[in-house]
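Student: Got a minute to go through this one with me? I'd like to work through it by asking about one spot at a time.

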Amino acid sequence: IVKAVEEGRIIYGNIRKFVMYLLSSNLGEIFTLFFALLLGMPLPVVALQILWINLVTDGLPALALSVDPGDPNIMKKPPRDPKENIITGKHIVFMLLVGLTMMAGTLFSFKMYFGKGIDYARTMAFNVLVVFQMFNVLNCRSGKESVFKTGIFRNRYLIGAIIFSVAMQFVLVYSPLARLLHATAINLKDWVFVFLISASVLVVGELVKGFIIRK
C-alpha cells in the first residue's frame with residue numbers, strides 16, 4: 001500500500017510538471033506574437049517556425065517529464081488536499097512570469113538583430129524561443145524546489161531529449177530546410193547570445209519558486 005501511494009504521488013506530480021511546462025511554454029509563444037502585433041512589429045516568428053517549435057519542444061522533453069523520478073522525500077510530505085486543483089494560483093503566477101520572460105527575451109533578440117535583415121532577426125528570435133523552452137523544462141521539474149536541488153542529471157531521458165532538441169535546431173539552421181522556415185545560418189557569437197538570454201528564464205523560475213511559491 002505504501003509503495004502504491006508513493007507511485008501515485010509521483011505520477012500526480014509528473015502530470016503537474018507536464019501541464020506546467022506545456023502551458024508556460026505555449027504562453028511564451030502566444031505572448032510573443034500578441035505583443036509583437038500590439039507594438040506594430042513584424043512577426044518575430046512565422047507559422048512554420050511555430051509548428052517546428054511545437055514539434056521539437058513539446059515532444060520528447062515533455063514526454064521525458066512524465067517519467068521524471070520522484071522526490072526522495074515525497075513520502076515525508078503531508079497529503080495534498082483532494083479538492084486542490086492540479087494547477088494552483090501560485091503555479092499560474094509562475095507560468096505567467098515565465099511566459100512574459102520568454103516574450104521579452106524573444107522580442108528583444110528580434111529587435112536587436114533586425115538591422116541584419118528580417119530573416120536573420122527571425123532566426124535569432126526562433127532560436128531564442130526554442131532554447132528558452134529547453135531551460136524552462138528544467139524549471140518545471142519541480143513546482144517548489146530549485147532545479148539545482150532536484151538534481152539536473154537525475155532524469156537521463158530529459159537530458160537526452162534536451163540534447164536531441166537542441167541538436168535538431170542546429171541541424172535545421174544549417175540545412176536546406178532553413179530556407180523553407182525563413183531561417184538562416186548564424187555565427188558562434190550569436191549562439192552564445194541565444195543561450196545567455198534564454199538562461200534568464202531559469203533565473204526567473206528560481207526567483208518565483210523562492211519568493212512566491214514556497215512562501
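Student: Where is the place of His182?

Tutor: Keep in mind that we're looking at a predicted model. Helix α9 covers 188-198. His182 has its place in the loop between α8 and α9.

Student: And what is the phi of His182 near?

Tutor: Most residues other than glycine have a negative phi. His182 is a residue other than glycine, yet its phi is positive. The value is near 55°.

Student: Is His182 buried, partly exposed or exposed?

Tutor: Its relative accessible area is 36%. Buried would need under 20% and exposed over 50%. That value lies in between, so His182 is partly exposed.

Student: Let's move to the nonpolar patch on the surface. Which element gives the most to it?

Tutor: The patch is formed by Leu48, Leu51, Leu55, Leu177 and Leu180, with about 480 Å² of accessible area together. Two helices, α2 (47-57) and α8 (177-180), each supply at least two of its residues. With three residues, the one that gives the most is α2.

Student: Take Leu51 from that patch. What is its relative accessibility, and how does it count?

Tutor: Leu51 has its place in helix α2. Its relative accessibility is 47%, and the cut-off for exposed is over 50%, so Leu51 counts as partly exposed.

Student: Now His91: buried or exposed?

Tutor: His91 has its place in helix α4, residues 89-112. The relative accessible area of His91 is 6%. Buried means under 20%, so His91 is buried.

Student: Which side chain does the side chain of His91 make a polar contact with?

Tutor: The contact is at 2.9 Å, and it joins two side chains. The partner of His91 is Thr88.

Student: What separates the C-alpha atoms of His91 and Lys209?

Tutor: Along the chain, His91 and Lys209 are 118 residues apart. In space, their C-alpha atoms are separated by 9.4 Å.

Student: Last topic, the pockets. How much space lies in the largest pocket, and which residues are the closest to its centre?

Tutor: Rolling a probe the size of a water molecule over the atoms shows where empty space is left. In the largest pocket that space is about 1100 Å³. It is lined by 34 residues, and the closest to its centre are Gly13, Arg16, Ile74, Lys77 and Lys144.

Student: Which element gives the most to the lining of the largest pocket?

Tutor: The elements that give two or more residues to that lining are α1 (2-38), α4 and α6 (147-150). With nine residues, the one that gives the most is α1.

Terms used. Residues are numbered from 1 along each chain as its sequence is written. This is a predicted model: local features need pLDDT of at least 70, side-chain atom pairs count only at pLDDT 80 or more; totals for chains, interfaces and linings use all residues. Side-chain values use heavy atoms; hydrogens and water are left out. Patches are made of residues with over 30% relative accessible area and no salt bridge: like charges are joined within 9 Å, nonpolar side chains (Val, Leu, Ile, Met, Phe, Trp, Tyr) within 5 Å. Accessible areas come from the Shrake-Rupley method with a 1.4 Å probe; for residues, only the protein chains shown count as cover. A salt bridge is a side-chain nitrogen of Lys or Arg within 4 Å of a carboxyl oxygen of Asp or Glu. Helices (H or I, at least four residues) and strands (E, at least two) are DSSP runs, numbered from the N terminus. Buried means under 20% relative accessible area, exposed over 50%, partly exposed in between (1.4 Å probe, protein chains only). A polar contact is a pair of N or O atoms within 3.5 Å; within protein, one must be able to donate a hydrogen and the other to accept it, and residues adjacent in sequence count only if both atoms are side-chain atoms. On a 1 Å grid over the protein atoms alone, a cavity is a set of points where a 1.4 Å probe fits but cannot get out, and a pocket is an open set with protein on both sides within 12 Å along at least five of seven lines; lining residues have an atom within 4 Å of a point. Grid points are joined across faces, edges and corners, and a volume is the space filled by probe spheres set on the points.
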